[in-house]
Amino acid sequence: MRVEVDRDRCEGNAVCMGLAPELFDLDDDDYAVVKSDPVPAEQEELAERAIAECPRAALARKD
């Protein structure tokens, strides 16, 4: 699975980083970035949780 960040929606709340710091980081402009592309199979559940809990719905699953 792959995760895409919609930079128009992202506010840099870092909820994704708090849930899955090994998968997400913030860039210099405080937008979320995906560190692992594709997401390792053993971390897909964390990625799905980050997608579901993003307060701005800025993360989306891309298969």
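## Terms and Model

A residue is termed exposed when its relative accessible area is over 50%, buried when that area is under 20%, and partly exposed in between. The structure discussed here is a predicted model.

## Strand E1 and Its Partner

Strand E1 covers residues 2-5 and has two unlike faces: Val3 and Val5 form the covered face, while Arg2 and Glu4 form the uncovered one. In a regular strand the side chains alternate between the two faces of the sheet.

E1 is paired with strand E4, residues 59-62, through four bridges, and the two strands run antiparallel. Within this pairing, valine 5 of the covered face stands opposite leucine 59 of E4.

## The Nonpolar Core

Which residues of the largest nonpolar core touch the most other members? Among its 17 residues, these are Val3, Phe24 and Leu59. Strand E1 and helices H1 and H2 each supply at least two residues of the core. The greatest contribution is that of H2, which gives three residues.

Phenylalanine 24 has contacts with parts of the chain beyond its neighbours within four places in sequence. These partners are Val3, Cys16, Met17, Val33, Val34, Lys35, Ala50 and Leu59. Val3 and Leu59 thus appear both as contacts of phenylalanine 24 and beside Phe24 among the core residues that touch the most other members.

## Cysteines

How many disulfides does the model contain? The count is zero. Cysteine 16 takes part in no disulfide, and the nearest cysteine sulfur, belonging to cysteine 54, is 6.5 Å away. Because its relative accessibility is 8%, cysteine 16 counts as buried.

Cysteine 54 is likewise in no disulfide; the nearest cysteine sulfur to that of cysteine 54 is the one of cysteine 10, at 6.5 Å. With a relative accessible area of 18%, cysteine 54 is also buried. These separations do not meet the disulfide rule, because a disulfide requires the two sulfur atoms to lie within 2.5 Å.

## Loops and Backbone Geometry

Most residues other than glycine have a negative phi, and most peptide bonds are trans. Several loop positions depart from that pattern. Alanine 14, in the loop between E1 and helix H1 (15-19), has a positive phi near 65°. Its relative accessibility is 26%, so alanine 14 counts as partly exposed. Alanine 57, in the loop between H2 and E4, also has a positive phi, near 50°. Alanine 57 counts as partly exposed because its relative accessibility is 46%.

The loop between E3 and H2 holds proline 38. The peptide bond leading from aspartate 37 to proline 38 is cis, with omega near 5°. Glutamine 43 lies in the loop between strand E3 (32-34) and helix H2 (44-53). Is glutamine 43 buried or exposed? It counts as buried, because its relative accessibility is 17%. When residues up to four places away in sequence are not counted, glutamine 43 touches Glu22 and Leu23.

## Salt Bridges

The whole structure holds eight salt bridges. One of them joins the side chains of glutamate 11 and arginine 56, at 3.4 Å from N to O. This pair links distant parts of the chain, 45 residues apart: glutamate 11 is in the loop between E1 and H1, and arginine 56 is in the loop between H2 and E4. Glutamate 11 is exposed because its relative accessible area is 52%, whereas arginine 56, at 32% relative accessibility, counts as partly exposed.

Another salt bridge brings together the side chains of arginine 61 and glutamate 48, at 2.2 Å from N to O. Here arginine 61 of strand E4 is linked to glutamate 48 of helix H2, 13 residues apart. Arginine 61 counts as partly exposed at 36% relative accessibility, and glutamate 48 is partly exposed with a relative accessible area of 30%. Arginine 61 also forms a salt bridge with aspartate 63, in which the closest N and O atoms are 2.7 Å apart. Aspartate 63 is exposed, because its relative accessible area is 77%. Elsewhere, salt bridges that share partners join Arg7, Asp27 and Asp29 into one network.

Technical notes:
Residues are numbered from 1 along each chain as its sequence is written. This is a predicted model: local features need pLDDT of at least 70, side-chain atom pairs count only at pLDDT 80 or more; totals for chains, interfaces and linings use all residues. Side-chain values use heavy atoms; hydrogens and water are left out. Buried means under 20% relative accessible area, exposed over 50%, partly exposed in between (1.4 Å probe, protein chains only). Two strands pair if DSSP finds at least two bridges between them. Contact means heavy atoms within 4.5 Å. A nonpolar core is a set of buried Ala, Val, Leu, Ile, Met, Phe, Trp, Tyr and Cys residues joined through side-chain atoms within 4.5 Å. A salt bridge is a side-chain nitrogen of Lys or Arg within 4 Å of a carboxyl oxygen of Asp or Glu.
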